[in-house]
Amino acid sequence: MASPDARVARSAGDVTCQRNGTPLDAGVGENVTRLKGKVAVITGGGSGIGRAIALAFGREEARVAVVGRRRGALDQVVSKLEQAHHEALAVTCDITQEKQSKSAIEEVEREFGPVTVLVNNAGILSVSTIETVSEEEWDQVMATNLKGPFLMSRAVLPSMRRAGGGSIVNIGSVLGLVAMKQRAAYCASKGGVTLLTKAMAIDHAHEKIRVNCICPSIVETELVEELFSDSEQGRKARQDRIGTLPLGRFGRPNDIAELAVFLASDESSWITGTAIPADGGLTAY
Ligand SMILES: NC(=O)c1ccc[n+]([C@@H]2O[C@H](COP(=O)([O-])OP(=O)(O)OC[C@H]3O[C@@H](n4cnc5c(N)ncnc54)[C@H](OP(=O)(O)O)[C@@H]3O)[C@@H](O)[C@H]2O)c1
């Protein structure tokens, strides 16, 4: 039952309950763009999942900066966003290098103002056991998948403080929750991302900086193309992997992008420190 100080406000087609001026229900029927006013940085935004996130964020009216090493791929995403009349910026940066990560954030802030959303999406795969992985490959996987998010997040914190808060979305993996054969270095790096997410969420909640992690299983991008050759054997391996997913298909980049929009938006303002599987049901077993 509503308390005496609760009041009901009616607006066009919408009912909002308020207690002491605080909305208790999410508004329905409002024509809102979910990321209007946000300034978002997406690492690895030139391809695959990162590209889909950049385009979805643009659609929701964020100003979007895409970060990566290959300028051409970033420029293509920016021009697609600009054709749709969205503000976008390409920033060339190797996220494993502290100086570059800092100057990338500075460049975005100069152009668009303080950064309110960081998506740590850039990552590489390694198909190896601890016996077959070289020391060099191990270091590269750790540098890209774990040190990169650490450096980019550290670089963005001052900007988010100036904005009065923000949302960091890490793209981890289901292999940061459970293991798989031949993925030792990758699992170690993504397991690190899961716990880094929770540690950062606790450390920065008091300054209204939220940190969450999306854990995809297989999503159809360049990164997985190399896993399944275009041969009878490759096609069988592909069908076998699809057979492990209760929903019966691989993910699409947009499946991840829609969850990233939610975590970046104020709709998720009470959610931090989570590692959410977006995995076709794989981890329900
Ligand atoms: N696809 C899947 O099945 C799957 C499943 C679970 C998790 N994930 C995760 O999702 C994320 C995106 O994967 P994806 O499938 O979209 O892969 P992708 O298409 O290969 O994209 C990876 C992106 O990371 C960028 N990148 C790599 N190293 C970088 C570095 N040192 N500095 C800056 N950018 C760098 C690449 O751009 P440049 O080469 O131009 O730098 C590229 O745009 C990764 O973290 C991956 O681990 C993917």
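**Exercise 1. The chain as a whole**

What percentage of the contacts in the protein chain with a separation of 6 or more is accounted for by residues 24 or more positions apart?

Solution. Residues are numbered from 1 along each chain as its sequence is written. The structure is a predicted model, in which local features need pLDDT of at least 70 and side-chain atom pairs count only at pLDDT 80 or more, while totals for chains, interfaces and linings use all residues. Taking two residues to be in contact if their C-beta atoms, placed from the backbone, lie within 7 Å, residues 24 or more positions apart account for 70% of the contacts with a separation of 6 or more. The protein chain holds eight helices and ten strands, where helices (H or I, at least four residues) and strands (E, at least two) are DSSP runs, numbered from the N terminus. Of its 285 residues, 42% count as buried; a residue is buried if 20 or more other C-beta atoms lie within 10 Å of its own, exposed if 12 or fewer, and partly exposed in between, again with C-beta atoms placed from the backbone.

**Exercise 2. Strand S4 and its partners**

Determine how S4 (residues 39–43) is covered and which strands pair with S4.

Solution. Begin with the side chains: Val39, Val41 and Thr43 point one way from S4, Ala40 and Ile42 point the other way, and all are buried. Next, count the bridges, given that two strands pair if DSSP finds at least two bridges between them. S4 runs parallel to S5 (residues 63–68), joined by five bridges, and within S5 the bridge partner of Ile42 is Val66. Between these strands the chain passes through H1, and this β-α-β crossover from S4 to S5 is right-handed, that is, with the strands pointing away from the viewer, the path from the first strand over the helix to the second runs clockwise. Finally, S4 also pairs in the parallel sense with S7 (residues 117–120) over three bridges, and there Ile42 stands opposite Val119.

**Exercise 3. Helices H1 and H5**

Compare the expected span of each helix with the distance between its end C-alpha atoms, and state what the buried residues of H5 pack against.

Solution. The expected span is 1.5 Å times one less than the number of residues. For the twelve residues of H1 the expected span is therefore 16 Å, in agreement with end C-alpha atoms 17 Å apart. Eleven of the twelve residues of H1 are buried, among them Arg51, Leu55 and Phe57. For the 21 residues of H5 the expected span is 30 Å, and the end C-alpha atoms are 30 Å apart, which agrees. The buried residues of H5, including Tyr186, Leu196 and Met200, pack against H4 (135–163), S8, S9 and S10 (275–278).

**Exercise 4. Positive phi values**

Where do Gln182 and Lys208 lie, and is each buried, partly exposed or exposed?

Solution. Gln182, whose phi is near 65° although the residue is not glycine, is placed in the loop between S8 (166–171) and H5 (184–204); Gln182 counts as exposed because 12 C-beta neighbours lie inside 10 Å. Lys208, with a positive phi of about 60°, lies in the loop between H5 and S9 (209–216); Lys208 is partly exposed because 15 other C-beta atoms lie within 10 Å.

**Exercise 5. The ligand shell**

How do the residues of the shell around the ligand divide into nonpolar, polar and charged?

Solution. The ligand is surrounded by 28 residues, the closest being Gly44, Gly48, Arg69, Arg70 and Gly123; a residue is near a molecule if its C-beta atom, placed from the backbone, lies within 6 Å of it. The shell divides into eleven nonpolar, 13 polar and four charged residues, with Gly counted among the polar ones and Asp, Glu, Lys and Arg as charged. H1 (48–59) and H6 (222–225) each supply at least two residues of this shell.
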